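User: Please take a close look at one part of this structure, the aromatic rings and the nonpolar residues around them, and explain it step by step for someone in a first year of study.

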Amino acid sequence: NMSDSDDPFRTVAAGIQNYPPGYQYADATLFQDPATFKSYVYWRTRMTTGLDGSTGFRAMELTADCRGVIPESDTRITVTPNREGPAMFFHEGTYYLYVSGT
């Protein structure tokens, strides 16, 4: 039986504007850019309204220790939330984001 202090998970950005009640997220993946060594998280969102519009596929930069996010880096990549299973690659100077379309 784990106590709360044994739980390694926590909300890293409670209360920032783009996480209102009803905000849903799923299908997250991490990527470390080999050119800059910065790390990012990519995920699918569903909600009726947000900072820059409705649902979509989003990305945020992680803090240097990868234990938090940089809220001002929140970027909507696609308008539709119907993208799942992301995988990010960097090859010969080009970035590729693979996702399924549902």
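Analyst: A residue is called buried when its relative accessible area is under 20%, exposed when it is over 50%, and partly exposed in between. The model is predicted, and with these cut-offs in hand we can begin with Tyr95, which counts as partly exposed because its relative accessibility is 38%. Phe31, by contrast, has a relative accessibility of 10%, and therefore counts as buried.

These two residues form one of the ring pairs, and a search of the whole structure finds four aromatic pairs. The ring centres of Phe31 and Tyr95 are 6.4 Å apart and the planes stand at 80°, so this pair is edge-to-face, given that planes over 60 degrees apart are described in that way. The pair joins distant parts of the chain, since Phe31 belongs to strand 1 (residues 24–32) and Tyr95 to strand 6 (residues 94–101), with these positions 64 residues apart in the numbering. Phe90 also takes part, as ring pairs link Phe31, Phe90 and Tyr95 into a cluster.

Another edge-to-face pair is made by Phe89 and Tyr98, because their ring centres lie 5.6 Å apart and their planes are at 75°. Phe89, at 44% relative accessibility, counts as partly exposed because this value falls between the two cut-offs, and Tyr98 counts as partly exposed at 49%.

Returning to Phe31, we can ask what surrounds this residue. Leaving aside residues up to four places away in sequence, Phe31 touches Lys38, Ser39, Tyr40, Tyr42, Met88, Phe89, Phe90 and Tyr95. Phe31 is also a member of the largest nonpolar core, whose six residues are Phe31, Tyr40, Tyr42, Phe57, Ala59 and Met88. The elements that contribute two or more residues to this core are strand 2 (39–46) and strand 3 (56–61). A second core of five residues, separate from this one, includes Val41, Trp43, Met60 and Leu62. As a general background, nonpolar side chains in soluble globular proteins tend to be buried together.

Finally, Ile77 can be added to the picture; this residue is found in strand 4 (residues 75–78). Ile77 touches Tyr42, Phe57, Arg58, Ala59 and Leu97, again not counting residues up to four places away in sequence. Ile77 itself is partly exposed, because its relative accessible area is 38%. Ile77 and Gly56 are 21 residues apart in sequence, while their C-alpha atoms are 7.0 Å apart in space.

Terms used: Residues numbered from 1 in each chain as written. Predicted model: local features only at pLDDT ≥ 70, side-chain atom pairs only at ≥ 80, totals over all residues. Heavy atoms only, no water. Core = buried A, V, L, I, M, F, W, Y, C linked by side-chain atoms within 4.5 Å. Buried < 20%, exposed > 50% of the residue type's maximum accessible area, 1.4 Å probe, protein only. Helix = DSSP H or I, 4+ residues; strand = E, 2+ residues; numbered from the N terminus. Contact = heavy atoms within 4.5 Å. Phe/Tyr/Trp six-rings, centres within 6.5 Å; stacked < 30°, edge-to-face > 60°.
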